[in-house]
Amino acid sequence: MENKPLLEVKNAGIQFGGLKAVSNLNLVLNKGELVGLIGPNGAGKTTSFNLLTGVYVPTEGDILFNGERINGLQPFKVTRKGISRTFQNIRLFNELSVLDNVKVAYHSLAKHSIMSSVLRLPSHFKGEQEMEQKSIEFLKIFKLDIYKDELAKNLPYGQQRRLEIARALAAGPKLLLLDEPAAGMNPQETKDLMDLIAFIRNKFDLTILLIEHDMNLVMGVCERIYVLDHGQLLAEGSPEEIRNHPKVIEAYLGEEVHDVNA
Amino acid sequence: MKKSKQFWPFMIAAVVVYAVVQLLISNGMMNQFYSNTLIFIAINIILAVSLHLVIGITGQFSIGHAGFLAVGAYISAILTMKLHLPFIVAILVGGIVAALAGLIVGIPSLRLKGDYLAIATLGFAEIIRIVFLNIDAVGGAAGMQVSHLTTWTYAFVCLVITLIVIVNFTNSRHGIASISVRENEIAADAMGINTTYYKVIAFAIGSFFAGVAGALYSHNFYIIQPSQFGFLKSFDILIFVVLGGLGSLSGAVLSAILLTVVSTYLQGYPETRMIIYSLVLILVMLYRPKGLMGTMEITDYFKLWRTPKGGGQHGK
């Protein structure tokens with residue numbers, strides 16, 4: 001482990017009324033790692049993502065990003081610090097074109113003011129052109145540029161997933177959180193997605209935290225895995241360790257593993 | 001860029017429309033009734049387009065627009081009648097004060113969503129109306145005398161400025177950010193958009209132009225009364241936007257023209273007026289459930305003709 005970790009979650013937790021959705025969450029992500037977060041339904045995986053991105057404010061503990069405390073920051077500020085995410089249920093801007101979806105992510109990188117846009121000053125044209133060029137270049141990386149004028153809602157499901165990842169990357173993150181990117185995909189699409197994740201990770205020098213139910217994908221790409229159950233961290237380790245961890249088998253892989261062993 | 005190519009045709013069309021109408025008025029070929037209707041149409045378009053920015057673009061369901069209309073109307077009337085300032089100053093100050101009122105109302109209430117925001121804005125608009133009702137200096141319920149200063153020139157210039165500002169705002173990164181708030185607020189937030197900022201800004205710009213419309217409105221009649229700015233007025237403006245198609249600027253403009261003309265003509269039949277007006281609304285909603293224009297703009301149709309292959313992808 002060289003110097004300090006990119007993301008450090010210390011005993012973070014959140015309580016909704018009497019329900020402790022997540023408690024004592026401890027995560028450490030080093031630069032460049034690809035880490036999985038798994039757990040049965042309702043284990044608190046997405047809640048953890050919401051804690052990391054500022055959607056929820058943790059009721060206990062601390063979240064440090066690059067050594068800086070980010071709990072309590074509003075989501076857009078967290079994004080500007082360099083954490084961006086995709087959603088479990090796709091949340092594209094349906095009535096915007098594919099190009100505009102990516103432009104939204106470039107929004108905070110452009111600087112021209114409302115006044116300059118209203119008066120159509122040179123800085124407006126310069127800024128807009130820059131956004132457009134960058135966005136198109138970006139879509140090319142994801143091979144989505146052929147759809148650029150299509151409304152996002154008209155894209156096929158797999159492409160919508162890709163667009164969501166592209167959009168999250170356009171926001172310029174250091175840490176990318178992917179919430180079940182392979183949900184609803186067939187094996188071929190899942191494989192393409194795995195390749196895509198490996199590709200963007202190298203290309204953009206990213207650290208990735210991945211929630212996934214597809215064990216092939218998780219075991220295949222992740223270097224380390226955290227297991228959550230009932231809002232508690234159950235285990236941590238390499239895919240191999242997790243596969244053989246008795247608690248994990250009990251809580252999560254239970255039946256399947258018995259079948260395999262039988 | 002491509003949007004600016006539409007700018008000069010738009011300006012030329014605007015100058016032609018203005019010149020023709022102005023010529024007809026100054027020749028006496030167009031009587032007072034028609035010129036008044038045209039001014040009224042211009043005012044209603046300003047109102048419709050300003051609310052379109054709030055509801056259609058930013059997706060914040062505000063139904064208190066008449067409140068900001070009232071602020072503009074009263075503030076400008078006070079400036080011209082009590083302080084004897086020129087009309088142009090009154091229009092500007094009316095807009096600015098309305099924008100400030102928009103900020104004061106918007107900052108707390110834009111935390112709310114959907115129905116709750118609608119009720120909050122409705123409540124604020126009623127508060128504004130009741131404040132004017134209880135200030136004796138502006139005549140209370142009896143109303144305030146205002147001299148007739150609104151001319152076709154004032155109305156039309158204000159209309160063109162409103163359209164330019166709102167179109168330019170919409171076709172920029174700020175407009176896309178506002179639309180992203182409408183489309184999915186959580187995702188917009190996650191993409192680094194300061195959603196509160198854009199909601200408040202859209203609300204303030206919308207209020208500003210409602211205030212400008214208010215100044216034109218009050219100086220178009222000889223008297224203003226708080227009862228003219230009740231929630232029914234808010235609904236009238238809302239109907240322009242919804243009927244035109246949420247998210248379509250040209251739809252808002254078209255429906256403002258259509259409904260103003262319909263309701264002006266129906267003034268001759270006071271017994272059946274509201275029945276026919278309501279029937280028009282019901283029919284449009286039955287046959288065009290997404291509004292007259294849906295989410296399309298007039299310019300989209302031109303594009304359709306020019307590039308047939310790209311057109312159909314727009315969907316409904």
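This is a guided tour of the structure above, going from the whole of chain A to its sheet and its domains, and then on to chain B.

Before selecting anything, note that this is a predicted model, in which local features need pLDDT of at least 70 and side-chain atom pairs count only at pLDDT 80 or more, while totals for chains, interfaces and linings use all residues. Residues are numbered from 1 along each chain as its sequence is written, and chains are lettered from A and ligands numbered from 1 in the order in which they are written.

**Stop 1: chain A as a whole**

Select chain A and show it as a cartoon, where you can look for 10 helices and 10 strands; these are DSSP runs, with helices being H or I of at least four residues and strands being E of at least two, numbered from the N terminus. The C-alpha atoms of the chain fill a box of roughly 70 × 40 × 40 Å along the principal axes. Its radius of gyration is 20 Å, which agrees with the value near 18 Å for a compact globule of 262 residues; the radius is taken over C-alpha atoms, and the globule rule is 2.2 Å times the number of residues to the power 0.38.

Of the 262 residues, 41% count as buried, and a residue is buried if 20 or more other C-beta atoms lie within 10 Å of its own, exposed if 12 or fewer, and partly exposed in between, with C-beta atoms placed from the backbone.

**Stop 2: the sheet**

Next, select the six strands that form an open sheet in the order β6-β7-β8-β3-β9-β10 of chain A, with mixed pairing; two strands pair if DSSP finds at least two bridges between them. At the edges are β6 (83-85) and β10 (232-237), each of which pairs on one side only, and the twist averages 20 degrees from one strand to the next.

Zoom in on β3 (residues 34-38) and β8 (residues 207-211) of chain A, which run parallel and are joined by four bridges; one residue to pick out is Leu37(A), whose bridge partner in β8(A) is Ile211(A). Now add helix α1 (residues 45-52) of chain A, which packs on the sheet and touches β3, β6, β7 (175-179), β8 and β9 (224-229), its direction making about 150 degrees with that of β7(A). Here a contact means that the C-beta atoms of two residues, placed from the backbone, lie within 7 Å, and axes are lines fitted to C-alpha atoms, for helices over the stretch in contact, with angles from 0 to 180 degrees between N-to-C directions.

**Stop 3: the two domains**

Colour domain 1 (1-82 + 173-262) and domain 2 (92-170) of chain A separately; these bounds come from an automatic or database domain assignment. Their C-alpha centres lie 28 Å apart, and the contact takes nine residues from domain 1 and seven residues from domain 2. On the domain 1 side, helix α7 (residues 187-204) of chain A gives the most, with three residues.

**Stop 4: where chain B touches chain A**

Show both chains, whose contact takes 29 residues from chain B and 36 residues from chain A. On the chain B side, α6 (152-170), α7 (173-183) and α8 (185-190) each supply at least two residues, and α7(B) gives the most, with seven residues.

**Stop 5: Val200(B)**

Finally, select Val200(B), which lies in helix α9 (residues 195-218) of chain B. Is Val200(B) buried or partly exposed? Val200(B) counts as partly exposed because it has 19 C-beta neighbours inside 10 Å. Not counting residues up to four places away in sequence, Val200(B) touches Leu103(B), Gly106(B), Ile107(B) and Leu110(B).
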